[in-house]
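Here's a quick briefing to read alongside the model. Have the viewer open and follow the bullets topic by topic.

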Amino acid sequence: MDDILERLLTGEIVSGQALSEAMGVTRAAVWKQMEQLRAQGFVIESVGRQGYRLTACPDTLMAPVIRRGLETVWAGREIVYLRSVDSTNRYARELASRGAAEGTLVVADEQTAGRGRRGRGWISPAGEGVFMSLILRPQAHPSQVAGLSLQAALATARAIANVTGLDARIKWPNDIVCGGKKVCGMLLEMNADEQSVHDVVAGIGINVHQRDFPPEIAQTAASLDLLTGTSVNRAALVRAFLQEFETVSSMAQAGTLMDAYRERSATLAQRVQVIAPAEMFTGTALEVTDSGSLIVLDEQGQRREVLAADVSVRGLMGYA
Ligand code: BTN
């Protein structure tokens with residue numbers, strides 16, 4: 001299917017005969033695949049005896065559609081598209097453990113057991129969002145991996161802003177919020193031993209077409225369609241993310257990442273409520289360190305370093 005789609009995506013008229021010869025299948029098999037593509041929403045004209053021409057492409061995450069116009073060097077050079085999977089993170093970790101290359105992207109239309117932070121789930125209905133996991137192989141000590149979470153957050157925020165025009169901001173550590181509502185969450189999972197990191201899977205879920213949310217998150221979550229009043233193209237978001245991830249990686253190497261991160265932050269300089277596993281306190285968010293922790297000045301004037309917690313920002317997502 002990918003072969004045929006790649007040829008159709010050139011916009012040229014593609015001859016059925018040439019396709020059957022190139023793919024080593026019968027003309028009837030080519031016709032059947034055209035019908036399958038049509039059933040998925042691709043509009044394919046039969047042009048007399050000359051062949052087939054693609055005239056409209058649905059909102060799909062199929063790999064050839066994401067790859068169209070992608071100019072990255074390593075991010076997304078290998079794309080695994082799944083119609084349905086339990087969790088793209090689970091699937092990507094398995095691929096990584098079998099040696100998948102850095103930059104391999106697993107993307108799905110639906111997750112049946114999407115995983116969120118702190119043991120929560122991630123609602124992932126078919127066709128409604130972007131559910132993807134990028135395999136990374138940093139040459140880093142396990143203690144440095146939190147920096148990758150900042151990179152993933154900045155790349156995603158920039159991608160959402162580029163594609164939708166929304167003011168996408170990062171709520172520490174790596175939620176993306178637009179207009180005060182969460183539109184995207186991330187879960188980074190690492191496979192490492194004491195000395196070195198084998199791989200990291202950066203899992204990203206973006207709410208795109210959802211019209212409503214379960215009551216427990218209805219006040220705090222939104223989708224990009226609801227916020228823009230348009231239908232946002234999911235493949236364009238994935239492409240922009242892959243491109244931005246490479247840009248942001250170069251920024252990290254050049255030492256310019258943190259300034260860009262701070263500019264996109266919804267948390268810094270704000271009054272925050274920190275809900276950590278063992279404690280809860282309020283204060284002012286002062287800075288995010290290179291290693292990804294948040295420094296908060298608490299009510300007693302103490303600087304406190306927060307490594308893992310949920311943070312509410314006053315005036316954002318219900319914290320008043
Ligand atoms: C959060 O709790 O905010 C993090 C949500 C992360 C969800 C994404 S969807 C793609 C990837 N696969 C998963 O199972 N989880 C992440």
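Start at isoleucine 275, whose bridge partner in strand 14 is aspartate 310. That pair belongs to the antiparallel match between strand 10 (residues 271-275) and strand 14, which is held over four bridges. Keep in mind that this is a predicted model.

**The five-stranded sheet**

- Strands 10 and 14 sit in an open sheet of five strands, ordered 13-12-11-10-14, with antiparallel pairing.
- Strand 13 (303-306) and strand 14 (310-313) are the edge strands; each has a single partner, so one side of each has no neighbour in the sheet.
- From one strand to the next, the twist averages 45°.
- Over at the strand 13 end, strand 12 (residues 294-298) runs antiparallel to strand 13, and four bridges join the two.
- Within that pairing, valine 296 stands opposite arginine 304 of strand 13.
- Strands 12 and 13 make a hairpin with four residues between them, and glycine 301 in the turn takes a positive phi of about 80°.

**The seven-stranded sheet**

- There's also an open sheet of seven strands, and its order is 3-4-5-9-8-7-6, with mixed pairing.
- Here the edges go to strand 3 (79-85) and strand 6 (168-171); each pairs with a single strand, so one side of each is left without a neighbour in the sheet.
- Ignoring direction, neighbouring strands in this sheet are turned by 20° against each other on average.
- Strand 8 (residues 181-192) and strand 9 (residues 197-207) run antiparallel and are joined by nine bridges.
- For one of the residue pairs there, look at glutamate 189, whose bridge partner in strand 9 is valine 201.

**Helices on that sheet**

- Helix 5 (residues 88-97) packs on the sheet and touches strand 3, strand 4 (105-111), strand 5 (129-136), strand 8 and strand 9.
- The direction of helix 5 makes about 25° with that of strand 5.
- Helix 8 (residues 234-254) packs on the sheet too, touching strand 4, strand 5 and strand 9.
- Helix 8 also has a direction about 25° from that of strand 5.

**Cysteines**

- How many disulfides does a search of the whole structure find? The count is zero.
- Why is cysteine 178 without a bond to cysteine 184? The sulfur of cysteine 184 is the closest cysteine sulfur to that of cysteine 178, but it lies 9.0 Å away, which is too far for a bond.
- The cut-off for calling a disulfide is a pair of cysteine sulfur atoms within 2.5 Å.
- Seen from the other end, cysteine 184 is in no disulfide either, and its nearest cysteine sulfur is that of cysteine 178.
- Buried or exposed? Cysteine 178 is buried, at a relative accessible area of 1%, and cysteine 184 counts as buried at 0%.

**The whole chain**

- The protein chain has nine helices and 14 strands.
- A compact globule of 320 residues would have a radius of gyration near 20 Å, and the 21 Å of this chain agrees with that.
- Taken along the principal axes, the C-alpha atoms fill a box of roughly 80 × 45 × 35 Å.
- Of the 320 residues, 51% count as buried.
- Among contacts with a separation of 6 or more, 62% come from residues 24 or more positions apart.
- The chain exposes about 14700 Å², and carbon and sulfur atoms supply 48% of that area.

Methods: Residues numbered from 1 in each chain as written. Predicted model: local features only at pLDDT ≥ 70, side-chain atom pairs only at ≥ 80, totals over all residues. Heavy atoms only, no water. Pairing = 2+ DSSP bridges. Axes fitted to C-alpha atoms, helices over the stretch in contact; angles between N-to-C directions. Buried < 20%, exposed > 50% of the residue type's maximum accessible area, 1.4 Å probe, protein only. Rg over C-alpha atoms; globule rule 2.2 N^0.38 Å. Contact = heavy atoms within 4.5 Å. Areas by Shrake-Rupley, 256 points an atom, 1.4 Å probe, with all protein chains shown as cover.
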